[in-house]
Each structure stands twice: as C-alpha cells, then as structure tokens.
Amino acid sequence: MSRATCMNFGRLANTKVCSKNREWTLISFMNSKDIFYSTSCLTKIAITPKCLCSIRIRTFINIINSGQSNQKLYRVKQLIGYSPEQMFDVIQDTENYKNFLPFCRKSIDLVKGKNHRKTYLEIGIPPIIENYESHITFQRPHMIKAECRDGNLFKYLITQWNCDPGLKKNPNTTIITFFVSYEFKSPLHSAIANRFFNELVKQMEQAFFSEAGKRYGKPCMKAQKL
C-alpha cells in the first residue's frame, strides 16, 4: 500500500464510515487501487493514492441482492512470444505455484502421472481461503486442465490452458487460450469475489507470463490479444 493511500485511509479513522471498532483488511491490486473491506460491517471501501474523493462505499448485502449470477467465467486468447513447450512447462509446474502465483499459499503435488496430477492447493485472500485437491489432466504441450472436485467454498472450479502453435515462421510463439469458470456455494462469498474477479484472474494470468520471463528471458514479441 502506498504512503498516500495509507494517509487517506487514516483520515477516515474517526468517521462513521471507518470507525475504530471495525477490523479492516487490505487487498492491493496492480492498478494502484487499494480495496479495504470489513467483514464485521460488510462494507467495501476503494481508495487510490491520489485523492480521498475516490472513495466508494457499498455493502455486501446490497451486492447479494443485485441479481448477479453466482457463476463466473473468464476467457482470453492471445499470441505470445514463448513456445508452447515453454509455456506448458511453466503452467504444469504446480508444486512451484506457491513461489510465483498470487494468492497461492501452499502447493504440494500428491500424485504425479504421465498425463495427470493431483495437487493440494491453498489459495485465496481473507476472508475467502480455499483448501482443495486440484485434479489436473494434460496433453503435452497443448492442453492443461485443472478441476476442483472437493472444495468447501466452490460448487466447481475449472481452469484450462490451451497452448497452440503461433506464427508459422516462428516456433517460439504460442496462441494461448486461458479459461476460468467457477461458482461459489455461498452467495456471500460469491458477492465478495464478483467484485474482485477480473483483477484476481488477470494477476494470475500475468504471473505465468512473468515466470516464463524469469526462466527463458524476454519474449520474442509483444503479446497480442486475439
């Protein structure tokens, strides 16, 4: 959290909006926006470093009653400057997720097979923390699919990567498709996650590309959305 944001939040300490007897939790995003939320009063406050006027307040109760679907879907397709084999090796390295994937606290491979894997994951940000076994199937180097079948929070959680050959004259390029679909069991958890879903998924997607950069160097071309 930036110093300016901290000062702005501090200026609210004695107001009715941010009373001292509430416990506030911070989520920081890459777009320089900081989200504070209180589970005790079910309130969300968004603050940017520039000004206090950017504060937005909305209760989770209102969000729950807004008629939004509990199901969430994200899909993006782009051409990137790494080979399918390189991206596949990063994505299937599940045991190292805890070292480079945002919001991943633990990642332990339980079973390793030729075309499948079972990995224990602990992912989330308070108050939404999920512990589950991810059932992973893959076809090197083209497809990786992970499913949550026994989660406490999710009805289902599916993540899939497709790594297809990119430019014909450049084997170090990939057309990569990233797909995430999930549904929470609890309307409250769904309401909270819906407010942050796009930011969380974008950060997770970018983390894989950043990890590829650490392992293989700069991409041979700038990523292009398709």
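In the predicted model, Asp93 is classed as buried, because its relative accessibility of 16% falls below the 20% limit. The side chain of Asp93 meets that of Arg215 in a salt bridge, with an N to O distance of 2.6 Å. This pair joins distant parts of the chain, since Asp93 lies in the loop between helix 3 and helix 4 (97-100), whereas Arg215 belongs to helix 5, 122 residues apart. Arg215 itself is partly exposed, at 32% relative accessibility.

Arg215 also forms a salt bridge with Glu211, where the closest N and O atoms are 3.0 Å apart. Here both partners lie in helix 5, four residues apart, or about one turn of the helix. Glu211 has a relative accessible area of 13% and is therefore counted as buried, the limit being under 20%. Asp93, Glu211 and Arg215 are thus linked in a network of salt bridges.

The count of salt bridges comes to six. Among them is the pair formed by Asp89 and Arg140, with the closest N and O atoms 2.5 Å apart. This contact likewise links distant parts of the chain: Asp89 is located in helix 3 (residues 84-91), and Arg140 in the loop between strand 8 (128-139) and strand 9 (143-148), 51 residues apart. Both side chains fall in the partly exposed class, Asp89 with a relative accessible area of 23% and Arg140 at 48% relative accessibility. In general, side chains of opposite charge can pair when their charged atoms come close.

Helix 5 contributes to the largest pocket as well. This pocket encloses about 350 Å³ of space. Its lining comprises 17 residues, of which Gln78, Ile80, Gln206, Phe209 and Ala223 lie nearest the centre. Two elements, strand 5 (71-80) and helix 5 (187-216), each give two or more residues to this lining. The largest share, six residues, is supplied by helix 5. By residue class, the lining divides into eight nonpolar, five polar and four charged residues.

On the surface, a nonpolar patch is formed by Ile108, Leu110 and Val111, which together have about 220 Å² of accessible area. Leu110 is situated in strand 6 (residues 104-112). With a relative accessibility of 43%, Leu110 counts as partly exposed, because this value lies between the 20% and 50% limits. The same value satisfies the requirement of over 30% relative accessible area for membership of a patch.

Notes
Residues numbered from 1 in each chain as written. Predicted model: local features only at pLDDT ≥ 70, side-chain atom pairs only at ≥ 80, totals over all residues. Heavy atoms only, no water. 1 Å grid on protein atoms, 1.4 Å probe; cavity = no way out; pocket = protein on both sides within 12 Å on 5 of 7 lines; lining within 4 Å. Points joined across faces, edges and corners; volume = space filled by probe spheres on them. Nonpolar A, V, L, I, M, F, W, Y, C, P; charged D, E, K, R; others polar. Patch = residues over 30% accessible without salt bridge, like charges linked within 9 Å, V, L, I, M, F, W, Y side chains within 5 Å. Areas by Shrake-Rupley, 256 points an atom, 1.4 Å probe, with all protein chains shown as cover. Salt bridge = Lys/Arg side-chain N within 4 Å of Asp/Glu carboxyl O. Buried < 20%, exposed > 50% of the residue type's maximum accessible area, 1.4 Å probe, protein only.
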